[in-house]
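Visitor: I should like to go through this model with you, question by question. Please show it first.

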Amino acid sequence: PPDDCNRLRMALALLDTCAPFFKEGSNKRRLDVYLVYLCRYIFCKALTIDVQFSLSDTLQATRPHLVRPSSYAIACDMVERLEAALAEDTRQGEVLAHELLHSSKEEPTEGEADG
């Protein structure tokens, strides 16, 4: 249900505990892949104030320069692009995940760029 944030709270607790072990190398890239999916998931929940603060604190500690998507549509586009890249090459998908999460501005999708 949209108002049940227990799964999100558990994910944040795991990130708080395990994120220090994902600071470099392939583990860092794999965590970035997970964070792309998490960014989409948070749009599916009605976040309470305590969960919003916990989410902000966890993401700040995990990836201080992470740029969260501003809408569900953008988050879905990020996941689609990530899945397409992962299907072709895992390493390139992981690199794309980092780029998606750390870009200073949201890039237009192909349809927006053309028209």
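Visitor: Which pattern does the chain follow, read along the sequence?
Guide: This is a predicted model, in which local features need pLDDT of at least 70, side-chain atom pairs count only at pLDDT 80 or more, and totals for chains, interfaces and linings use all residues. Residues are numbered from 1 along each chain as its sequence is written, and side-chain values use heavy atoms, with hydrogens and water left out. Helices (H or I, at least four residues) and strands (E, at least two) are DSSP runs, numbered from the N terminus. The chain has six helices and zero strands, and along the sequence its pattern is α-α-α-α-α-α.

Visitor: What percentage of the contacts between residues at least 6 apart in sequence join residues at least 24 apart?
Guide: Contact here means heavy atoms within 4.5 Å. Among contacts in the chain between residues at least 6 apart in sequence, the share that joins residues at least 24 apart is 77%.

Visitor: Which helix gives the most to the largest nonpolar core?
Guide: A nonpolar core is a set of buried Ala, Val, Leu, Ile, Met, Phe, Trp, Tyr and Cys residues joined through side-chain atoms within 4.5 Å; buried means under 20% relative accessible area, exposed over 50%, and partly exposed in between (1.4 Å probe, protein chains only). The largest such core has 23 residues, of which Leu 8, Leu 35, Val 36, Leu 38, Leu 66, Leu 82 and Leu 101 touch the most other members. At least two residues come from each of α1 (6–18), α2, α3, α4 (72–88) and α5 (90–102). With six residues, the helix that gives the most to this core is α2.

Visitor: Is Asp 32 buried or exposed?
Guide: Asp 32 is placed in helix α2. Leaving aside neighbours within four places in sequence, Asp 32 is in contact with Arg 63, Ala 97, His 98, Leu 101 and His 102. Because its relative accessibility is 0%, Asp 32 counts as buried.

Visitor: Where do the buried residues of α5 fall, seen down the axis of the helix?
Guide: The buried residues of α5 are Gly 93, Glu 94, Leu 96, Ala 97, Leu 100 and Leu 101. Taking the arc as that of the directions from the helix axis to the C-beta atoms, these residues fall within 160°, so they line one face of the helix.

Visitor: Which helices are included in what covers the buried residues of α4?
Guide: The expected span of a helix is 1.5 Å times one less than its number of residues. With 17 residues, α4 reaches 25 Å from its first C-alpha to its last, close to the 24 Å expected. In α4, Ala 75, Cys 76, Asp 77, Met 78, Val 79, Leu 82 and Ala 85 are buried, and their cover includes α2 and α5.

Visitor: How many disulfides does a search of the whole structure find?
Guide: Cys 5 is buried, with a relative accessible area of 2%, whereas Cys 44, in the loop between α2 (25–41) and α3 (49–62), is partly exposed at 38%. The C-alpha atoms of Cys 44 and Cys 5 are separated by 9.9 Å. Under the criterion that a disulfide is a pair of cysteine sulfur atoms within 2.5 Å, the number found in the whole structure is zero.
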